Amino acid sequence: MHHALTVPEIVLEIFSYLPKFDDPYLRKQPGCYIDTSDGHTTLAALAATCRTFQEPALDVRWRRLSGVYSLIPLFPHDIWEEYDPDYYSPDDLDLNFVRLPSKEE
């Protein structure tokens, strides 16, 4: 590995561009993978690649979090439930907390 990639500040800067990178030319190339998850899949893969990449990749991934909705599944499943008050409008899903989490959770 090149020495520059062992400097966390440099790696963090490089990773911060990953979700923004979208080149129409590359999309047309055969075998080219474009991450359509706003870079989260790529950042998760980089975090699992090696210890040097783990912290910068996770820092960028959590910084790009789109909202608290993606954090809810991290709670135990018996704490919350998802329901749709208007059956005909699936875009308006609501969350209902059944109980408060304990200190251990």
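## Close-up views of a predicted model

**View 1. Arg99 and Asp78 form a salt bridge, with 3.0 Å between their closest N and O atoms.** The pair links distant parts of the chain, as Arg99 and Asp78 lie 21 residues apart. Look for Arg99 in the segment after β2 (94–97), and for Asp78 in the loop between α4 and β1 (80–83). Side chains of opposite charge can pair when their charged atoms come close. Please keep in mind that this is a predicted model. The structure holds one salt bridge, so this view is the place to see it. Arg99 has a relative accessible area of 30%, so it is partly exposed. Asp78 also counts as partly exposed, because its relative accessibility is 47%.

**View 2. Helix α4 spans residues 51–63.** Its 13 residues reach 19 Å from the first C-alpha to the last, which is close to the 18 Å expected at 1.5 Å a residue. Which residues of α4 are buried? They are Phe53, Pro56, Ala57 and Val60. These four cover an arc of only 100° around the axis, so they sit on the same side of α4. Turn to the other side of α4 and you will meet Arg51 and Glu55, which are exposed.

**View 3. Other helices help to cover the buried residues of α4.** Among the elements that provide this cover are α1 (8–17) and α3 (40–49). It is worth following Phe53, Pro56, Ala57 and Val60 here once more, since they are the buried residues in question.

**View 4. Trp62, Leu65 and Leu74 make a nonpolar surface patch.** The patch amounts to about 320 Å². Trp62 belongs to helix α4, so a reader coming from View 2 already knows the helix. How accessible is Trp62? Its relative accessibility is 47%, and it therefore counts as partly exposed.

**View 5. The whole protein, for orientation, has four helices and two strands.** Starting at the N terminus, the elements follow the order α-α-α-α-β-β. The protein has 105 residues, and 17% of them are buried. About 8300 Å² is exposed, with carbon and sulfur atoms supplying 58% of that area. Of the contacts with a separation of 6 or more, 36% are between residues 24 or more positions apart.

Terms used:
Residues numbered from 1 in each chain as written. Predicted model: local features only at pLDDT ≥ 70, side-chain atom pairs only at ≥ 80, totals over all residues. Heavy atoms only, no water. Patch = residues over 30% accessible without salt bridge, like charges linked within 9 Å, V, L, I, M, F, W, Y side chains within 5 Å. Areas by Shrake-Rupley, 256 points an atom, 1.4 Å probe, with all protein chains shown as cover. Salt bridge = Lys/Arg side-chain N within 4 Å of Asp/Glu carboxyl O. Buried < 20%, exposed > 50% of the residue type's maximum accessible area, 1.4 Å probe, protein only. Expected span 1.5 Å × (residues − 1). Arc of directions from axis to C-beta. Contact = heavy atoms within 4.5 Å.
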